[in-house]
Each structure stands twice: as structure tokens, then as C-alpha cells.
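Colleague: Hi, do you have a minute to walk me through this one? I'd like to hear about the sheet, then the helices.

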Amino acid sequence: VRLDVCYLSKLSFCSINRGSTGLSFLNRPGKWKQKKTRAFKEAQLFVKDLILSYSKRSSLNTKKYNTTDSFLADFVKSFKYKDTKDQQRCWEDLLLDFNSSSPVNRLICGDVGFGKTELAVRAAVVSVLNKEQVVVLAPTTLLANQLYHCFVGRVQSFGLVVGALSRFSKNPNKIIRDFLNTKIDILVGTSSVLFKPQLLKQCGLFIVDEEHRFGVKDKELVFKHNPSVNFISMSATPLPRTLELSLKHIRSLSTIQTPPISRKPIISSVCFYNTKLITDIIIKEFSRGGQVYVVDNSVDKLRALYNSLIKKLPNVLVDLIYGSMPGSSLLNKMSLFV
């Protein structure tokens, strides 16, 4: 901070709750050094575990999968859209991965709506055809629900069974038992699946959607229980560490940059917060028959924002939704929106 341009009016007291980490003091350099040393040692231990994990995976030999089955060819042909060039290239990469003698370890990077999920579904079908079960990890309950319906829509008519494990699940213990008894081929779930070692040990393919939404320890936990598992992660905005692994050829990388036919480009604008701008955008979208998400990063502020919007937009149907709501209410509101 430059003292000659210090804005004293911007400074305020910071209240620290009991039990939380306190602020460091500038006049206690020893304390700060201790914290840094402790953090560095913990990081070193974790990095050591990661190196051992990847080293162990690289030395493993896995079976080559059958990817020439007519059933798989029929399944791919049943996709109602035409593959883009990048989708086709990524699918060829995945087939080569499954035919190699090493575990699959691929990152699929592409924008929203560019066809990553279809490739994940195909990879899951390859795994099931080769008598391996699949676990699909999603960062939120809503996304897990969306993925579940997407997988069901694609594979149900081909006789594959899909299960879902999240807050929406009415009988989670039965779903876990059915997966362990091989009555479920593909299990879509939230982070709760990471803490069920028996599920991680049994799956042959582990797919992570929106991998940037998970911590390193969570994503890599499956390797601890199942070193030879095939691993596919998908993201529109991969983390620097994930990209580094790909650039160093520790993890294979496929990029999907070609938009599907008739797909309009996403327009991103960064603006100062302006309530009038938000309402104008909503009115413009509403007037053309569209729908709008308004996302805030604080649940505490959502109620005030919601009340403000219903006052300013009396003719627009506005509702409120957030992750910690009861599952039935969450699902009902999302169904109404869809």
C-alpha cells in the first residue's frame, strides 16, 4: 500500500469469530514463519503422495478393451446430432486410450454445449460393454440430476441401467447395494461417492464433470482405492494444475473448439454492478421468450436480490433457489424452470 495514496475511508475493522483462523500480526514474524513452514511441509507430503500415485499408475498394465463391437457402432449412430470435427477427433482419441495397455487418463476441454457429455456417455458404454462399471462425479445435486437424465435418455433403450446418488435419492443405501451387486451399470453422483471406498474400488471408469469445481485431494482420491481405474475429466475452464499435467503428457488432452451447427457464440461482458442493467437484460430476454439465471455468490444476499427483482419486474415469474434448500423443493423449482 502506498501511504501517499492511502484511502483511510476504505479501511474498516475486521471481526474474527471464535474458532476461526485469526489474522497474522506484522510485529510477530516468527508466527507467520511457523505457519508458512507448516503449510509447506503439508504441501510437500501431498505432492509426494501425488507423485507416487501417478508413478504407480504409469507402471500398471491394463487389459485392452473391445471397441469394435457392432453394439457400440449402433449406439454411436443413434446420436441424433452430427459429430463436430473436434468431437470426432476426441472420440478417436478415447478409442485409442481404451485400446492401449495403460489406464485411460484424459482431460476433455470444451465450452458448454460443445458435446463433452456425449463423449462421456460413449466412454461409459465402452466400459460397460467390457464388463466394467462406471461412476460419474458431478459438483452439485442439480448437475448430477441433469447428467442422470442425460445418461438415461441415451442408454436406457440399449438396456443399460443408470442410478443416481445425491440428496434427491430416496433410498441411497439400496442404490449403493445395487451398484455393488452389479445391478447398476452407471452411477451418477455428487461428492458423497468419494467417501464410499467400495464404490471407487469397484468401478472401471471414473468420470469427473466440471473437474475445476473439485479440490485436488477429492479428484485424486479414486486412485488411492483403485490405481488402475480409467479416468476421464471434463471442463470448460480447467485449472492450471490440470493443464500442466496435460502439457507435461502425464494426462492426455482433447480440446473441443468447434461449435455444433447453429450454436450461437457465448457473449461475455464484465460490468460494474448496476441494478438497472440487470433488469434491462432480463426484460430484453423475457420479451423474446427466453429465460434468465441471475447468480449471486452469497446466499445471504439472495433474498434481498430476489425481493428487489420481483418489485421491479412484476410481470416476470421470479423464483429463488440455492444448494442448501430441501431436496424436494430444489427439484420441484428446477423442474418448473425446465
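Modeller: Happy to; we'll take the sheet and then a pair of helices, and please keep in mind that this is a predicted model.

Colleague: Thanks! What is the order of the strands in the sheet?

Modeller: The order is β3-β4-β2-β5-β6-β1-β7, in an open sheet of seven strands with parallel pairing.

Colleague: And which strands stand at the edges?

Modeller: Those are β3 (162-165) and β7 (252-256). Each has a single partner strand, so one side of each is left without a neighbour in the sheet.

Colleague: What does the twist average from one strand to the next?

Modeller: The average is 20°.

Colleague: Back to β7 for a second. How many bridges does it have with β1?

Modeller: Five bridges, in the parallel sense, link β7 to strand β1, which covers residues 105-110. Within that pairing, leucine 107 has leucine 253 of β7 opposite.

Colleague: Nice. Now the helices: at what angle do α2 and α4 cross?

Modeller: Helix α2 (residues 70-77) and helix α4 (residues 116-129) cross at roughly 160°, and their axes come within 11 Å. Angles over 145 degrees count as roughly antiparallel, so α2 is roughly antiparallel to α4.

Colleague: Is the crossing left-handed or right-handed?

Modeller: Right-handed, as α2 passes α4.

Colleague: Which residues meet there?

Modeller: From α2 you have Phe71, Leu72, Phe75 and Val76, and they meet Val121, Arg122, Val125, Val126 and Leu129 of α4. By class, this contact has eight nonpolar residues, one charged and no polar.

Colleague: Great, thanks for the tour!

Methods. Residues are numbered from 1 along each chain as its sequence is written. This is a predicted model: local features need pLDDT of at least 70, side-chain atom pairs count only at pLDDT 80 or more; totals for chains, interfaces and linings use all residues. Side-chain values use heavy atoms; hydrogens and water are left out. Two strands pair if DSSP finds at least two bridges between them. Helices (H or I, at least four residues) and strands (E, at least two) are DSSP runs, numbered from the N terminus. Axes are lines fitted to C-alpha atoms, for helices over the stretch in contact, and angles run from 0 to 180 degrees between N-to-C directions. Angles under 35 degrees count as roughly parallel, over 145 as roughly antiparallel, 65 to 115 as roughly perpendicular and the rest as oblique. A crossing is left-handed if the near helix is turned anticlockwise from the far one by less than a right angle, and right-handed if clockwise. Contact means heavy atoms within 4.5 Å. Ala, Val, Leu, Ile, Met, Phe, Trp, Tyr, Cys and Pro count as nonpolar, Asp, Glu, Lys and Arg as charged, and the others, Gly among them, as polar.
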